[in-house]
Structure formats: structure tokens, C-alpha cells
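Let's take a friendly walk through a protein model, one piece at a time. Keep the picture in view and look for each part as we come to it.

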Amino acid sequence: MLVKERNYAAYFEKARLASRKNIAPGVINNVLRDLAEAAIAQTHYLLAENKKDLDRMDHRDPKYDRLKLTADRIAAMAAEITNIAKLKSPLGRVLSKKTMPNALHISKVSVPLGVVGVIYEARPNVTFDVFSLCFKTGNVCILKGGSDAYHSNKAIMGIIQWVLATYDIDPNVVTLLPPERDAADALLNAIGYVDVLIPRGSQQLIEHVRNNSKVPVIETGAGIVHTYFDEFGDLEKGSKIVFNAKTRRVSVCNALDCLIVHYSRLKDLPALLSPLAAKNVVVYADKTAFMILKGHYPDGILSHAKPEHFGTEFLALRMAVKLVDTFEEALDHIAKNSSKHSEAIITEDDERAEAFLNRVDAAAVYVNASTAFTDGAQFGLGAEIGISTQKLHARGPMGLAELTSYKWKVKGNGQVRD
């Protein structure tokens, strides 16, 4: 439902009532398949509406790439929607069951979260992803996109509503709020209507939602990502992994922000970073790393690191480089500066790899692979509603299973408690 009036409570109530309705799994899957086809069929329309948003944003803004739609990106979104339709529903799973001595039969069964609110910035793909995941899991979603993506989100919402109408499904299973701030404030205070709120975007957005929401929040998104090139690391692997993690798509939360290098591999530093120069990646190197890179990395994009460069999510072709004397020092640096999103080690030592996996506190921890893989689709989840960096309820890419809670079902035959 497209909100046209500012009586937000009325729309929230409609969403709450819609969450009590059951839609047959077969119908859900058909809707999703038709939505994927409609997205492809409306590619030119989506690109035209997206251009209206792009024309209002500075192309140097890190959010520009997140906002931008292309025919390939629309096709990829449609493919993810189709994948969601193919996946088995997580609803109704019996998580545990037992019969008590008094003959009570008790089972723990997965159920929808209910009404899911999502506040996000310049990511129109989130509109497709969140609706598809919530619809598949029997949840209702209330979306609050940013003003930067207003035309894109409105166009996507129109396609979703058109498909829902062809199946005579309550349009309130998905609501798109206007981009104004008062809509976000209403959502933050939607007690009794919204069961959980998920912010997706900058650290500033996430902190604002966490600090001001009266609705339970699952924090997602902000990624300060490290890769540690160990004393036992393979240079060829390392160079490819660092290049991919930093340059594949710089505006997303799984992109590399800080490369940590063991001091014994100092001589390999120029070769490790060499591919980045072709992409004009600005490197902020600590004092020793700067001395080694000077003359081997272009002067125009090599700078001395300042304290604030460590612990920064750049979302751009920028990266910090830190040298450490020991494995323990690398772990300490990550623990101090990480947002607990994604962290990686490059090493050929199995014991060192296992220690990294076990001791680094992050939602996703890698050995000899790019952090660019932290993504719902790449993890076989179909798509993601976000990447949780907290520990309660869900952690890492949140797919279908993470959009469920559970209830206890108790069956008896007249039992009463003493």
C-alpha cells in the first residue's frame, strides 16, 4: 500500500490486520514468480524512474552506486526473487517436541515474526528483497525508504501492488511510507503495531534507529571490514583476495576497509597492493608501510594514515594499511576497530586459520576468501533482509529462517496442574 495520508496509525493497523491472514504457499510462490517476470518486463520503466533519482545525486557520493539500477542489476534482483520462490518455507518447522510425564505433548514450531519495519537509504533493491522475503515467510512489511530513492521505490512498489492485485491479495501486506522524517519517527514509535524494526544503511542511520526506537531493533549493515595477510599467507591468493574485496563493489558493507599485514611480509607489500593502483585505490599507510610503498605505489594515491583511518567504513576506493608484529596484535587491532561484520585471514597455516576462526568476534569470518561473499544469495539464502552485526535472534546474512520466531504448542487431554 502506498501511503497517501499522514495518518500513520491507520496504515499500521491495516498492516497488523493483514499479518493475521494466511496465504497458501503455492499462491505465495506464484506471486513471487510473477513479480520476477514483471520486474524484467518493466526494466525500461524502472530505469527511467531510477534516473530521476540519480539526476538529483552527486555521482561522487558513495551512495550513488547503491542507488543505481541497471538492466543487469534488475535481472539479478529478479533471479533472487525466483530463487526465494524455489526455497522451502521455514514456517511450521517442528524445532523440538516431547511428551511430558503427565502426557502433555509439547512442540516448538516456527512462526512469522509478524509485522517487520525496515528503514533504509539509497538501496531500491531492498524494496524487492524485503517484500519477497517477508511475503514468503508470512510476514507483513512496512518500508521507509530514503528520499534519494523516492522515484525508484515508488515504481517498484507499483509493480508489487499490481502483481498482488492480480491474485486479489490484501495490498496491506506491504506498505511504503513517504520519505519524510515524520514517517520514520512514526515507525520508531509504532508500539503494538510493528514487531521488529530493521535499519539498513549508514552507521549514522543505524545508531539513530537504535537510540530512538521504542520497537525492538535488529542492527544490520555497517561494515568496518579487515583482511589480515598472515606471515604464512600465499602472495598470489592474497593479492587476488584483497583486490576483489576492495574493488568489486566499494559502496557495500562487505567491502574491505583495512588491510593488516604481518611485519615479516613487508617485502611483499608492493606486490600485494599493486593491482589496486589500476583502480586508483587511495591507500592510507602507517609509517613503515608508507616507507616501503613509496616509489612502488603511485604518489598521488598514497598517503600517511591518521588514527581516524583505522575503524572507518570508507564505502569508496580508499583503504587503510596497518603493519603488525604478531598474530595477537592483528587480533587486537580487529577487536578494537571491527564493527563485527566480516573479517578475513590469508594464511596457509591450518592452526593459525583455526585460531582466527575461533577467536575473531564477527558475524562472518573467512579463511583465504574475499569478504565480498557476505551476502544472502551467496550464502544460499535466496536474498537477504540485511546482515545482522548483533548476537540476539540473528547474526550475519538474514534470510527466510531469520524472519521467523517460534511458539510453543501444548496438547493435553484434561490435565490440570497440582
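## A sheet of seven strands

Strand β9 (residues 282-285) pairs with β10 in the parallel sense, over three bridges. If you want one pair of residues to look for here, find Tyr284, which stands opposite Ser303 in β10. Bear in mind as you explore that this is a predicted model.

Now step back to the whole sheet. Seven strands form an open sheet, and their order is β10-β9-β11-β8-β7-β12-β13, with parallel pairing. At the edges you will find β10 (302-304) and β13 (364-367), each of which pairs on one side only. Neighbouring strands of this sheet are turned against each other by 20° on average, direction ignored.

What holds such strands side by side? Strands of a sheet pair through backbone hydrogen bonds, and the pairing is either parallel or antiparallel. A helix also belongs in this picture: α14 lies across β7, β12 (342-346) and β13, and runs at about 170° to β13.

## A sheet of three strands

Another open sheet has three strands, in the order β1-β2-β16, and here the pairing is antiparallel. Its edge strands are β1 (94-99) and β16 (404-411), each pairing on one side only. The twist from one strand to the next averages 20°.

Look at the pairing of β2 (residues 105-112) with β16: the two run in the antiparallel sense and share eight bridges. Which residue of β16 stands opposite Ile106? The partner is Val410.

## A strand with both faces covered

Is strand β6 (residues 196-200) enclosed or open to the outside? Five of its five residues are buried, so β6 is largely enclosed by the rest of the structure. In a regular strand, the side chains alternate between the two faces of the sheet. In β6 both faces are covered: Val196, Ile198 and Arg200 are buried on one side, and Leu197 and Pro199 are buried on the other.

Strand β6 has a partner too. Five bridges join β3 (residues 115-120) to β6, and the two strands run parallel. Within that pairing, Ile119 has Pro199 as its bridge partner in β6.

## Two helices packed together

Next, find helix α2 (residues 25-41) and helix α5 (residues 71-86). They pack at an angle of about 170°, and their axes are 8 Å apart. Angles over 145 degrees count as roughly antiparallel, and α2 and α5 are therefore roughly antiparallel to each other.

Which residues of α2 and α5 meet? On the α2 side they are Asn29, Leu32, Arg33, Leu35, Ala36, Ala39 and Ile40, and on the α5 side Ile74, Ala75, Ala78, Ile81, Thr82, Ile84 and Ala85. Sorted by class, this contact has 11 nonpolar, two polar and one charged residues.

## Salt bridges

Side chains of opposite charge can pair when their charged atoms come close. How many salt bridges does a search of the whole structure find? The search finds 21.

One of these joins Lys52 to Glu49, with the closest N and O atoms 3.0 Å apart. Lys52 and Glu49 are three residues apart in helix α3 (residues 43-54), which means about one helical turn separates them. Lys52 counts as partly exposed, at 41% relative accessibility, whereas Glu49 counts as buried, at 14%. Arg352 and Asp230 also form a salt bridge, their closest N and O atoms being 2.7 Å apart. This pair links distant parts of the chain, 122 residues apart: Arg352 is in helix α14 (residues 350-359), and Asp230 is in the loop between β7 (225-229) and α10 (235-247). Arg352 counts as buried at 16% relative accessibility, and Asp230 counts as buried at 0%.

Lys294 forms a salt bridge with Asp299, where the closest N and O atoms are 3.5 Å apart. Here Lys294 is partly exposed, at 45% relative accessibility, and Asp299 is exposed, with a relative accessible area of 51%. You can also look for a network of salt bridges that links Lys340, Asp361, Lys391 and Arg395.

## A serine in a helix

Finish with Ser239, which is found in helix α10. Ser239 counts as buried, at 13% relative accessibility. Leaving aside neighbours within four places in sequence, Ser239 is in contact with Ala271, Leu272 and Pro275.

Conventions
Residues are numbered from 1 along each chain as its sequence is written. This is a predicted model: local features need pLDDT of at least 70, side-chain atom pairs count only at pLDDT 80 or more; totals for chains, interfaces and linings use all residues. Side-chain values use heavy atoms; hydrogens and water are left out. Two strands pair if DSSP finds at least two bridges between them. Helices (H or I, at least four residues) and strands (E, at least two) are DSSP runs, numbered from the N terminus. Axes are lines fitted to C-alpha atoms, for helices over the stretch in contact, and angles run from 0 to 180 degrees between N-to-C directions. Angles under 35 degrees count as roughly parallel, over 145 as roughly antiparallel, 65 to 115 as roughly perpendicular and the rest as oblique. Contact means heavy atoms within 4.5 Å. Ala, Val, Leu, Ile, Met, Phe, Trp, Tyr, Cys and Pro count as nonpolar, Asp, Glu, Lys and Arg as charged, and the others, Gly among them, as polar. A salt bridge is a side-chain nitrogen of Lys or Arg within 4 Å of a carboxyl oxygen of Asp or Glu. Buried means under 20% relative accessible area, exposed over 50%, partly exposed in between (1.4 Å probe, protein chains only).
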